[in-house]
Amino acid sequence: MSEYVGLGLFALLGSVVVAGMLTAAIVLGPKLRFSEKLEPFECGERQLVSPYQRFSVKFYLVAVLFILFDIEVVFLYPWAVVFRDLGWFGFVEMGLFIVVLAAALVYAWMKGALDWS
Amino acid sequence: MDPVLVGKAVFIFLVTVGLFGPVMTWIERKQSALMQDRVGANRADILGLRVIGLFHPIADAIKMLTKEDTVPTGAHRVLHALCPFIAATPALISFAVIPYGGTYTAFGREFNLCVADLDYGVLYIFAIGSVATYGSILAGWAGNNNWGILGSLRASAQMISYEVALGVSVIGMFMICGSVRLTDIGLVQQETFRLFGFLEHFGWIAPGTGWVDAITLPMWGILLQPLAFFIFLGAIMAENKRPPFDLPEAESELVAGYFTEYSGMKFGLYLLGEWTEVVVIAGLVTALFLGGWAIPWVSDVALIGFLSGLVGSDWGNLLAMLVHVGVFLVKLVFMIFFQMILRWSLPRFRYDQVMNLGWKIMLPLSLANILLTGLAMLVVQEVTS
């Protein structure tokens, strides 16, 4: 349990320091506000298009691929820790798993899901 | 609550965050100056004392705290204030699991130089580190700014892409150490292996040949897993979005990327998070691949035994602790400097190059590394048993 005391203390200290700096920045600074100053930065132009619009589907694709391969990592970690005890059996089993996932990667690659040109 | 534990946590927090954070801003400026043959920051003074510019972090902090905090019209006010917090805090609290040394017994107590010696240590850093992704993604979203949105889209895709390669690349090291606890990984790296031991096991040389036993190498991650070391370093630097991976905040293209609409200390917190992350990366790479607190060829037990013989058991342990912390800090500073040299040595990637590097080079290579490591370990097991 003693580890969690240190961990909690660290999290508390970190949060308090950062939150304190944020609050100080908001409270301490001068407050001279007028509408031109509060415009979103657009290199001196008026904002022509709203930033909240549709963006490239590529980003969704990357997110889906990320979830797929991150779950693979989740499976690999416990296996890696007990690898020595599992021996050849564990190696072959996980080798098959990795080959299947590598096939998925190759498929996504061939389909052009990883191309950004 | 145990006062020693609390004191240790507070001390390590103050050193890492209160000392490394501000000093990093100074190191960064001085190192940039060094690379560009300039003098660098040296003007800030207190009563005429300049101390090679070491007061600049204080001046910077005062300046940032007293700057106006602007929130653009149409921005999400709550998220706008929350994002710097989400981006900076994870970097500060990941230090909790990095071991600065081993375990020492002195004056009837056991000292352990790690705030939280969690048995899932590396996973904790990865988990906390992923939270920082939200800080960058939401920052652009909250600011109602076109550059911000573009920057945060780039940041999100880049960070999650490299998280995969990052997670897979270290698995080889976990297989060798049989643990994800950073102190266990440090202990494994204390040991040495015989470089030409295989000649003996294959029966090519008679056992007990002198020079085979003499040529040993420490079991450091960088020697056992060289490929994983390079992939891990590259991927974790891409996670931190520093040059040459600074596309989400590319000044020449996106103004300042996802933190375009931030000013004052809110802006400063992004930089604080980034600099603290540089130190975390250096610490993590040191603990995983550079032997942690280990002195090559000198094990903890040998060092403690030697120092205990000189000044007695209690002080010997404490001295060994200091030596180990010093060794760890030397490696840490080396890794920090290495990252800064890379920053000024390499040009910025193009976006498709970044994504190709992550998905098409690092991920397949780190998957192959797992299979190769597994095969090598099993062959070694067969031959030696």
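Visitor: How many residues of domain 1 of chain B are in contact with domain 2 of chain B?
Guide: This is a predicted model. Chain B is divided into domain 1 (1–66) and domain 2 (69–384). Domain 2 brings 13 residues to the contact, and domain 1 brings 15 residues.

Visitor: Which helix gives the largest share of the side of domain 1 of chain B that touches domain 2 of chain B?
Guide: H1 and H2 of chain B each supply at least two residues of this side. By class, the side has 8 nonpolar, 5 polar and 2 charged residues. The largest share, 13 residues, comes from H1(B).

Visitor: What distance separates the centres of the two domains of chain B?
Guide: The domains are residues 1–66 and 69–384 of chain B. Their centres are taken over C-alpha atoms. The separation is 22 Å.

Visitor: Which element of chain B gives the most to the largest nonpolar core?
Guide: This core has 130 residues. Those that touch the most other members include Phe174(B), Phe232(B) and Leu269(B). With 15 residues, the element that gives the most is H13(B).

Visitor: Where does this core lie with respect to domain 1 and domain 2 of chain B?
Guide: Look at who contributes. Domain 1 (1–66) gives residues to the core, and domain 2 (69–384) does too. Therefore the core lies between them.

Visitor: Which residues does Ala165(B) touch, leaving out those up to four places away in sequence?
Guide: Ala165(B) is one of the core residues that touch the most other members. Its contacts beyond four places in sequence are Ile231(B), Ala235(B), Gly358(B), Met362(B), Leu363(B) and Ser366(B).

Visitor: How many residues of chain B are in contact with chain A?
Guide: Chain A puts 58 residues into this contact. On the other side, chain B puts in 69 residues.

Visitor: Which class has 41 residues on the side of chain B that touches chain A?
Guide: Several helices of chain B give two or more residues to this side, among them H1 (3–35), H13 (264–289) and H16 (351–384). The charged class has 10 residues and the polar class has 18. The class with 41 is nonpolar.

Visitor: What radius of gyration does chain A have?
Guide: Chain A has 3 helices and 0 strands. Its C-alpha trace spans about 70 × 50 × 15 Å along its principal axes. A compact globule of 117 residues would have a radius of gyration near 13 Å, but chain A has 25 Å.

Visitor: What percentage of the residues of chain A count as buried?
Guide: A buried residue has 20 or more other C-beta atoms within 10 Å of its own. Chain A has 117 residues. The share that counts as buried is 18%.

Notes. Residues are numbered from 1 along each chain as its sequence is written. Chains are lettered from A and ligands numbered from 1 in the order in which they are written. This is a predicted model: local features need pLDDT of at least 70, side-chain atom pairs count only at pLDDT 80 or more; totals for chains, interfaces and linings use all residues. Two residues are in contact if their C-beta atoms, placed from the backbone, lie within 7 Å. Helices (H or I, at least four residues) and strands (E, at least two) are DSSP runs, numbered from the N terminus. Ala, Val, Leu, Ile, Met, Phe, Trp, Tyr, Cys and Pro count as nonpolar, Asp, Glu, Lys and Arg as charged, and the others, Gly among them, as polar. A nonpolar core is a set of buried Ala, Val, Leu, Ile, Met, Phe, Trp, Tyr and Cys residues joined through C-beta atoms within 7 Å. A residue is buried if 20 or more other C-beta atoms lie within 10 Å of its own, exposed if 12 or fewer, and partly exposed in between; C-beta atoms are placed from the backbone. Domain bounds come from an automatic or database domain assignment. The radius of gyration is taken over C-alpha atoms; the globule rule is 2.2 Å times the number of residues to the power 0.38.
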